[in-house]
Amino acid sequence: MVMLEPPQTILKLLRESLPPEALCSNGGSATDFGDDCDEILAYVATLASTLADSQNFDASEWVDNLGPYISTLPFSQSSPDAVEETIERFCRSADSALQNGDDSSDEEDEFGGEELTNLRFSLAYGGKILLHQTKLRLRRGHRYALVGQNGVGKTTLMNAINNGKLEGWPTELRTEYVDSGSNVDPVHEAKIAFDHLQKVTSKSEDDCRAVLQQLKFTEAMMKGTIGELSGGWQMKLRLAQAVLIDADILLMDEPTNHLDHKTVEWLEYYLKGLKNTTVLIVSHDTPFLEKVCSDVIHYENRPQWGPHRKLVHYAGKMSAFVKKQPQAKHYFELATTDLKFVFPNPGRLEGIRTSTQRFLEMEGVNYRYPGSDADTLTDIHLKMTLSSRVCLVGANGAGKTTLVKMIVGDTQPSNPTECRFFIHHNLRIAYVSQHAFYHVEQHIEDSPVAYIQWRFKDGFDKEKIESEAYRITPEEQKAIDDYNLEGIWSRRMRGGVLEYEIKKKHVREKDNIYVSKDELLAMGFKHLLRQTDEKIASKEAGLDLHPCTTSEIQAHLDDFGLAQEFGTYGKIRGLSGGQKVKLVLAAAMWNCPHLLVLDEPTNYLDREALGALSSALNGWGGAVLMISHNKEFYSSVCREEWVVADGKVSVQGDSGEREMRAVAKKKTFKKEETGDAKLEKAGGNTNADGDKYKDATTNFWGQTVSKKEARQYDKAKKKGDVTLMRKILQIPMGKVMPGQEELGDGKKKQ
């Protein structure tokens, strides 16, 4: 009598997997068992059902779990190897019968092309399972779009394929991986471009030169280092390498990053001409995928699969895929549903009262790289206001990034005495460059929260201050020491001239002097002034008072779609490309900038995140300057285009006027409560509010307090530190200062 009732499908598959000579003690046939054998088979089928429900079709685990029971059947005594063979056959038949019903593919066997892979695997990153018992079937000559939201593991899968780390991956297949170029390797960038290409491809000099010339490389580019190439030209170099290597499978991660329209058209033509190479592409450029790809592999999570995702194959282009899965229409729309970015509005900009007042002006500006014989940019005439929404467009290498670096202050015009180049001294700029990941990835073992704490805990942007554009050179440090300079304490505008308060060593504070900016620049204090301006601008934004606590930073990360799972508890190492962009954006916006500069922002964000970014930029109160080849995205934000070509910049369109939001916010203080209400609200903690104490203008002896003492007093007042306030005002112990009676006599703890 059989006590268990196993799934009949599993039981039937088990019976069919037994060898013909499998006889029970009653001498019946392979499918005619006695009660004892029926009980054993029912139990084995129940165990197998549990393994199948957990999507575990690892044959070795089936042997370990089912072997002890199958081995009790009579046929196992005559042939011990038959047990393992039977279980493996049972596992394969269960896998085929049960998994073929998971709708993981709509491809027919006669769909065309030699089958290169047909395997089932699981994939994890760290402690997170990305894919569980999913199938991957690739055919020669097909071009697959690998589609899914940011963070699902697309790049991780590409790396696993390239390194042959997938279980059951055919070792004879040759793969070539064109990465996105997000990682900056100084050693790699120091290599000569042509020599590197010839070495990694093992091709002749003529073959390498022919491909590079087809991509419009000049002789100077070939002989120069990889680091000297712009982002677009570096991507072209990686594409040239892929063309020269005859791979079975070509893996491409965001191949259109940094590429101009003509190069994208060349890439489309090249990929569609491949007949013997299989291509697997990750890209957020949906129109590009629509033109190139013949199939779609989609990351999906269905209820019957439990908490884990699987890969689902759809034959046909992206548009055909969306018809079969209407909920995926967001891949064709620049819109967001649930995701939302919230940008902090910029604070007041001194002297700027309307959104159309200029904070940047360039008239007759030229720029020439050191050592070059010709100007890269000539006779530039531009202006920017808080209403500006500008996109820089032009071919790769036209000088777009060169112009941006001048605007953000990394470089200066080559004709400073012959042009007008004005940037507001208190302008706060957030610059998200092509290689913004480089700085973030110096902290890959830290959490995003810890990274922002390290960067801003001192009240200014430490990463920016330590960058090459701000770092004080040995020559400048010598000039500082020779001048006996202790520090620059403050800054003021007097008679239209910017002056800095200079404190020299061994000189009393009251003897500080003010020196104009031009004089200090003439002394060689360029980087010191840049650091001072940056710190003052950060203080204007309130960074010195902005708490860098975990909860405060995580709340900020939440505004950029980076959940606590990744922001507080995860490491930067585990973030996807799109999540790193969100972190870089969040860090850039921490100081409430007036101008946000984005260099190719669409490279790593999916369509939904791009929709959220577009919506946030349109509602933000600051100015936007971006470099992008994605017209669909930049036209949703920018009404003005700066076209860079042949060393000139022409302006097309007009940003118009926007609502003024960069205004000072009035400080408000909570009304002080007394009695039981105060005790109840404070939970027993009755520290007084900071506005209880009066401001400090003179000390106990009638002397005017210095600016430094006033700043220290303000901070102590906010903290309610009575002891420090009495010390700053030089109030003797046991004395009460008239007008500051609330500070007491110093004998009783306040």
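## Strand 9 and its partners

Let's start with one pair: Glu 361 has Lys 383, in strand 10, as its bridge partner. Keep in mind that this is a predicted model. Strand 10 covers residues 377-385, and it pairs with strand 9 in the antiparallel sense, with six bridges between them. Strand 9 also pairs with strand 12 (residues 420-423), again in the antiparallel sense, here over four bridges. In that second pairing, Glu 363 is the residue that stands opposite Arg 420 in strand 12.

How many of the residues of strand 9 are buried? Eight of its ten, so call the strand mostly covered. As a bit of background, side chains in a regular strand alternate between the two faces of the sheet.

## The six-strand sheet

Now for an open sheet of six strands. Reading across it, the order is 4-5-6-3-7-8, and the pairing is mixed. Strand 4 (175-178) and strand 8 (310-315) are the edge strands, each pairing on one side only. Going from one strand to the next, the twist averages 20°.

Inside the sheet, strand 5 (residues 249-253) and strand 6 (residues 278-282) run parallel and are joined by five bridges. One position to look at is Asp 253, which stands opposite Val 282 in strand 6.

## Helices against the sheet

Which strands does helix 6 touch? Helix 6 (residues 154-162) packs on the sheet and touches strand 3 (143-147), strand 4, strand 5, strand 6, strand 7 (295-300) and strand 8. Its direction makes about 145° with that of strand 4. Helix 11 (residues 231-244) lies across strand 4 and strand 5, and runs at about 170° to strand 4.

## Rings that meet

The count of aromatic pairs comes to eleven. One of them is Trp 62 with Phe 90, an edge-to-face pair with 5.3 Å centre to centre and 75° between the planes. The two residues sit in distant parts of the chain: Trp 62 belongs to helix 3 (residues 59-70) and Phe 90 to helix 5 (residues 81-99), and they are 28 residues apart. Are these two rings on buried or exposed residues? Trp 62 has a relative accessible area of 0%, so it is buried. Phe 90, at 1% relative accessibility, counts as buried too.

Next up are Phe 343 and Phe 560. Their ring centres are 5.3 Å apart and their planes meet at 25°, so this pair is stacked. Phe 343 is in the loop between helix 14 (318-324) and strand 9 (358-367), while Phe 560 is in the loop between helix 22 (550-558) and helix 23 (564-567), so the pair ties together parts 217 residues apart in sequence. Both Phe 343 and Phe 560 are buried. They also belong to one aromatic cluster, along with Phe 341 and Trp 620.

## Charges over rings

Two spots put a charge over a ring. At one, the charged end of Arg 209 sits over the ring of Phe 194, 4.9 Å from its centre. At the other, the charged end of Lys 504 sits over the ring of Tyr 483, with 4.1 Å to the ring centre.

## A helix that is mostly enclosed

Why call helix 15 largely enclosed by the rest of the structure? Because six of the eight residues of helix 15 (residues 400-407) are buried. The buried ones are Lys 400, Thr 402, Leu 403, Val 404, Met 406 and Ile 407. After helix 15 comes Gly 409, which has a positive phi, near 95°.

## Positive phi without glycine

Ser 202 is not a glycine, yet its phi is positive, at about 60°. You'll find Ser 202 in the loop between helix 8 (193-201) and helix 9 (205-214). It is exposed, with 66% relative accessible area.

Asn 484 is not a glycine either, and it has a positive phi of about 60°. Its place is the loop between helix 19 (474-482) and strand 14 (485-494). With a relative accessibility of 30%, Asn 484 counts as partly exposed.

## The whole protein

Stepping back, the protein has 29 helices and 20 strands. It has 750 residues, of which 50% count as buried. Taking contacts with a separation of 6 or more, 67% are between residues 24 or more positions apart. The accessible surface is about 36500 Å², and carbon and sulfur atoms account for 49% of it.

Conventions: Residues numbered from 1 in each chain as written. Predicted model: local features only at pLDDT ≥ 70, side-chain atom pairs only at ≥ 80, totals over all residues. Heavy atoms only, no water. Pairing = 2+ DSSP bridges. Axes fitted to C-alpha atoms, helices over the stretch in contact; angles between N-to-C directions. Contact = heavy atoms within 4.5 Å. Phe/Tyr/Trp six-rings, centres within 6.5 Å; stacked < 30°, edge-to-face > 60°. Buried < 20%, exposed > 50% of the residue type's maximum accessible area, 1.4 Å probe, protein only. Lys NZ or Arg CZ within 6 Å of the ring centre and 35° of its normal. Areas by Shrake-Rupley, 256 points an atom, 1.4 Å probe, with all protein chains shown as cover.
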